[in-house]
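Got your viewer open? Load the model, set it to cartoon with side chains available, and follow along from one selection to the next.

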Amino acid sequence: MQTQVVMQATDGSWNTSKTYPNPLLAYIAARKLSRQEQRTCRTVCSSGQVLDEIHPH
């Protein structure tokens, strides 16, 4: 199931970062991106449902 990683911008909007072939790869990438950018990231499946929301620590 293709899964997108979206990152929250400073203005509160969501920007698509990249699409991954499965939710696990997307989740790993989102965690890394969230930590690097210090922003909230989400993984979203192709139907638009949010699977995970990752907050920077």
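Whenever this tour says contact, read heavy atoms within 4.5 Å. Two notes on provenance: this is a predicted model, where local features need pLDDT of at least 70 and side-chain atom pairs count only at pLDDT 80 or more, while totals for chains, interfaces and linings use all residues. Residues are numbered from 1 along each chain as its sequence is written, and side-chain values use heavy atoms, with hydrogens and water left out.

**The whole chain**

Start zoomed out. You should find one helix and four strands, ordered β-β-α-β-β along the sequence. The radius of gyration is 10 Å, close to the 10 Å that the globule rule gives for 57 residues, so the protein is as compact as a globular protein of that length. (That radius is taken over C-alpha atoms, and the rule is 2.2 Å times the number of residues to the power 0.38.) Helices here are DSSP runs of H or I with at least four residues, strands are runs of E with at least two, and both are numbered from the N terminus.

Draw a box along the principal axes and the C-alpha atoms fill roughly 30 × 20 × 15 Å. Switch on the surface: about 3800 Å² is exposed, with carbon and sulfur atoms supplying 48% of it; the area is a Shrake-Rupley one with a 1.4 Å probe. Of the 57 residues, 28% are buried, where buried means under 20% relative accessible area, exposed over 50%, and partly exposed in between (1.4 Å probe, protein chains only).

**Select Ser34**

Ser34 sits in helix H1, residues 23-37. Is Ser34 buried or exposed? Its relative accessibility is 1%, so Ser34 counts as buried. Leaving aside neighbours within four places in sequence, Ser34 is in contact with Arg39, Thr40, Cys41, Ile54, His55 and Pro56.

**Step past the helix to Gln38**

Gln38 belongs to the loop between H1 and S3. Check the backbone here: Gln38 has a positive phi of about 55° although it is not a glycine. With 48% relative accessibility, Gln38 counts as partly exposed.

**Then Thr40**

Thr40 lies in the loop between H1 and strand S3 (41-45), and at 13% relative accessibility it counts as buried. Which residues does Thr40 contact beyond four places in sequence? They are Val6, Met7, Gln8, Trp14, Ser34, Glu53, Ile54, His55 and Pro56. Put a distance label on the C-alpha atoms of Thr40 and Pro56: 6.1 Å in space, for a pair 16 residues apart in sequence.

Now show side chains for Thr40 and His55, which are joined by a polar contact of 3.3 Å. A polar contact is a pair of N or O atoms within 3.5 Å; within protein, one must be able to donate a hydrogen and the other to accept it, and residues adjacent in sequence count only if both atoms are side-chain atoms.

**Across to Gln8**

Gln8 is in strand S1, residues 3-8, and is partly exposed at 24% relative accessible area. Not counting residues up to four places away, Gln8 touches Ser13, Trp14, Arg39 and Thr40. Its side chain also reaches the backbone oxygen of Gly12 at 3.5 Å.

**Last stop: Thr43**

Thr43 is found in strand S3 and is buried, with a relative accessible area of 0%. Setting aside neighbours within four places in sequence, its contacts include Val5, Ala26, Tyr27, Ala30, Val50, Leu51 and Ile54.
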